[in-house]
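Please look over the sequence and the structure shown here before reading on. The report below is meant to be read slowly, with the picture at hand.

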2 protein chains.
Amino acid sequence: MNDGPGTAHGDAADADADAAAGGSTDGSPRAAEGTDVEPVPIAFGDDGLVPAVAQDAETGEVLMLAYASPTALERTLETGRAHYYSRSRAELWEKGATSGHTQTVRDVRVDCDGDALLYVVDQAGGACHTGYESCFHRIVEGTATSVSDDTDAGDGGRDEEEPREAGLSVAVRTDGQRAFDPDEVY
Amino acid sequence: MNDGPGTAHGDAADADADAAAGGSTDGSPRAAEGTDVEPVPIAFGDDGLVPAVAQDAETGEVLMLAYASPTALERTLETGRAHYYSRSRAELWEKGATSGHTQTVRDVRVDCDGDALLYVVDQAGGACHTGYESCFHRIVEGTATSVSDDTDAGDGGRDEEEPREAGLSVAVRTDGQRAFDPDEVY
């Protein structure tokens with residue numbers, strides 16, 4: 001996992017960076033100011049998706065983790081609005097299309113392996129459908145507890161209902177404030 | 001995807017919260033101060049893993065995205081050191097065991113669906129094996145470019161080498177400073 005990207009930062013990548021900078025045709029100031037521009041292939045997984053983390057540009061809060069398809073990434077870059085791929089609904093999804101809680105994307109960042117994205121966004125309303133600013137509003141308390149079946153796993157939106165070999169449950173404490181009332185939005 | 005967790009925040013969850021708070025046996029102050037403690041099953045995927053995002057507790061910077069197995073999550077909670085599961089090496093992995101760039105975990109957060117984790121950490125050295133503080137040190141410039149094959153995808157550590165139906169490449173500009181020299185560490 002760590003060998004490929006290390007190699008990509010070597011001499012070959014420097015040559016690519018020169019070509020990419022010289023080949024800019026839109027004359028955008030952002031492209032011009034880059035001193036280390038290089039092409040990076042996105043390593044979509046077997047399911048055709050990469051995880052995409054959304055972070056609030058103002059507060060730094062990690063808002064949510066979802067998944068991006070090639071089309072979702074293209075639309076995000078083209079429109080400046082965060083798009084994802086909904087695994088449960090099996091469709092392209094513009095964040096906020098239903099709730100109005102859109103994400104205006106300041107930056108899309110790609111990690112060292114090219115297999116994860118970070119959307120740095122201005123979040124309208126709250127990111128979480130439960131009404132909280134962040135989907136990560138629950139803090140684990142103590143250690144985990146093994147559970148032997150998942151019939152009450154609360155993951156109703158998941159694709160398959162097969163029991164897992166090993167299950168874990170954690171106790172959580174809710175942190176933060178609701179940004180909106182979900183009953184009024186959904 | 002969004003229906004299950006919404007239900008879990010209803011009356012049944014309130015009853016669970018009372019039971020969990022009353023059932024605390026370690027007398028820890030953190031458990032006692034929680035007013036909304038409830039058990040949450042972790043929804044590990046078909047591969048037995050959940051994505052785990054690491055965020056710097058001091059700066060708020062998103063450092064990396066990796067994956068946690070049940071054992072990795074247990075060890076993280078028990079030791080206070082971030083553990084992950086390496087998909088490429090197919091083994092449990094304590095961050096920093098090789099490099100010394102450990103992550104001391106302040107909080108483990110779980111998202112609304114229970115299928116993603118956030119480790120809030122104090123990062124020793126830099127998180128990225130390339131020497132940068134964050135693995136997300138590259139910002140996408142412009143839009144994406146479709147590529148028809150991935151023979152040079154730079155994802156040498158991935159498990160399979162099958163071509164993908166659709167590939168995307170993005171131009172990136174590197175942001176941030178190296179925190180260490182990878183040649184001296186690895």
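The following paragraphs treat aromatic ring pairs first and then two loop residues.

**Aromatic pairs**

This is a predicted model, and a search of the whole structure finds six aromatic pairs over all chains. A pair of aromatic rings is described by the distance of the centres and the angle of the planes. Two of the pairs, both in chain A, are set out in the table.

| Ring pair | Distance of centres | Angle of planes | Class |
|---|---|---|---|
| Tyr84(A) and Tyr119(A) | 5.2 Å | 40° | tilted |
| Phe180(A) and Tyr186(A) | 6.4 Å | 50° | tilted |

An angle under 30 degrees would count as stacked and an angle over 60 as edge-to-face, so the planes of Tyr84(A) and Tyr119(A), at 40°, make a tilted pair, and the planes of Phe180(A) and Tyr186(A), at 50°, likewise make a tilted pair.

The pair of Tyr84(A) and Tyr119(A) can be placed in the chain as well: Tyr84(A) belongs to strand β4, which covers residues 83–86 of chain A, while Tyr119(A) belongs to strand β7, which covers residues 117–123 of chain A, so the pair ties together parts that are 35 residues apart in sequence. Both Tyr84(A) and Tyr119(A) are buried. Ring pairs also join Tyr84(A) and Tyr119(A) with Trp93(A) in a cluster.

For the other pair in the table, the two partners are described by different words: Phe180(A), with a relative accessibility of 11%, counts as buried, whereas Tyr186(A), with a relative accessibility of 46%, counts as partly exposed. The cut-off behind the first word is that buried means under 20% relative accessible area.

**Two loop residues**

In chain A, Gly60(A) is found in the loop between β2 (50–56) and β3 (62–68), and its relative accessibility of 14% makes it count as buried. Leaving aside residues up to four places away in sequence, Gly60(A) touches Gln55(A) and, in chain B, Gln55(B) and Gly60(B). From Gly60(A) to Val140(A) there are 80 residues in sequence and 20 Å in space, taken from C-alpha to C-alpha.

In chain B, Ser99(B) is found in the loop between β5 (91–94) and β6 (103–110), and Ser99(B) is buried, with a relative accessible area of 15%. A polar atom of the Ser99(B) side chain lies 3.1 Å from the backbone nitrogen of His101(B). Again leaving aside residues up to four places away in sequence, Ser99(B) touches Val185(B) and Tyr186(B).

Conventions
Residues numbered from 1 in each chain as written. Chains lettered and ligands numbered in written order. Predicted model: local features only at pLDDT ≥ 70, side-chain atom pairs only at ≥ 80, totals over all residues. Heavy atoms only, no water. Phe/Tyr/Trp six-rings, centres within 6.5 Å; stacked < 30°, edge-to-face > 60°. Helix = DSSP H or I, 4+ residues; strand = E, 2+ residues; numbered from the N terminus. Buried < 20%, exposed > 50% of the residue type's maximum accessible area, 1.4 Å probe, protein only. Contact = heavy atoms within 4.5 Å. Polar contact = N/O pair within 3.5 Å; in protein donor to acceptor, adjacent residues only side chain to side chain.
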